[in-house]
Amino acid sequence: TSGNSGPSGLAQVQNYPIATSPLYQIITPKENPYTTTENVVRIEGTIPVRTVSKIIINGFQLQKFIPNSSYWQYFANSEFGNLKPWVNIYKIQFYWEWETIVYETNFTIIKQEEVKVEEAKIEETSWAQ
């Protein structure tokens with residue numbers, strides 16, 4: 001049989017650190033992982049001034065980030081396909097000059113489907129009977 005197992009024969013898992021740093025902070029949303037039903041989530045952060053020349057999130061370079069500034073933001077947006085139902089992991093890489101990564105972290109958004117009020121009432125009614 002074939003399967004996704006490692007050298008020990010046990011099932012494998014992908015895991016990611018949720019690093020926190022007093023210098024490279026995500027200030028909004030405060031929770032990591034962040035759970036929401038919204039279709040747009042603004043991720044904001046602060047970094048030490050004059051230390052970062054570019055920021056890349058999941059392979060996308062932030063276009064509005066001003067090199068060497070201390071603030072950045074990124075919009076996870078369902079309409080653009082970078083926020084999908086369930087678990088979304090954002091790998092955030094902070095670069096200094098010469099393509100050197102000075103810090104890396106992950107931010108997770110759990111996007112839940114919106115429950116329509118009518119569906120909730122029908123489900124509640126069916127349980128009550």
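**Briefing: strand 4 and its surroundings**

Strand 4, which spans residues 54–57, is covered on both of its faces, with K54 and I56 buried on one side and I55 and I57 buried on the other. The model described here is a predicted one, and its chain contains one helix and eight strands. Along the sequence these elements follow the pattern β-β-β-β-β-β-β-β-α.

**Strand 4 and its partners**

- In a regular strand the side chains alternate between the two faces of the sheet.
- Within strand 4, K54 and I56 lie on one side and I55 and I57 on the other, and all four of these residues are buried, a term that here stands for a relative accessible area under 20%.
- Strand 4 and strand 7 run antiparallel and are joined by four bridges, and in this pairing I55 of strand 4 stands opposite F94 of strand 7.
- Strand 4 also pairs in the antiparallel sense with strand 5, residues 60–61, over two bridges, and here I56 stands opposite Q61.
- Strands 4 and 5 form a hairpin with two residues between them, and N58, which lies in the turn, has a positive phi of about 50°.

**The open sheet of strands 1, 3 and 6**

- Three strands form an open sheet in the order 1-3-6, and their pairing is antiparallel.
- Strand 1 (25–28) and strand 6 (71–77) stand at the edges of this sheet, and because each has a single partner strand, one side of each is left without a neighbour in the sheet.
- From one strand to the next in this open sheet, the twist averages 30°.
- Strand 1 pairs with strand 3, residues 40–46, in the antiparallel sense over three bridges, and T28 stands opposite E44 of strand 3.

**Surface and the nonpolar patch**

- Y16, W86, V87 and I89 make a nonpolar surface patch of about 430 Å².
- V87, one of the residues in this patch, is placed in strand 7, which covers residues 86–95, and V87 is exposed, with a relative accessible area of 55%.
- The chain exposes about 9,400 Å², of which carbon and sulfur atoms supply 53%.

**Burial and contacts across the chain**

- The chain has 129 residues, and 28% of them count as buried.
- Among the contacts in the chain between residues at least 6 apart in sequence, 53% join residues that are at least 24 apart.

Conventions: Residues numbered from 1 in each chain as written. Predicted model: local features only at pLDDT ≥ 70, side-chain atom pairs only at ≥ 80, totals over all residues. Heavy atoms only, no water. Pairing = 2+ DSSP bridges. Axes fitted to C-alpha atoms, helices over the stretch in contact; angles between N-to-C directions. Patch = residues over 30% accessible without salt bridge, like charges linked within 9 Å, V, L, I, M, F, W, Y side chains within 5 Å. Areas by Shrake-Rupley, 256 points an atom, 1.4 Å probe, with all protein chains shown as cover. Salt bridge = Lys/Arg side-chain N within 4 Å of Asp/Glu carboxyl O. Buried < 20%, exposed > 50% of the residue type's maximum accessible area, 1.4 Å probe, protein only. Contact = heavy atoms within 4.5 Å.
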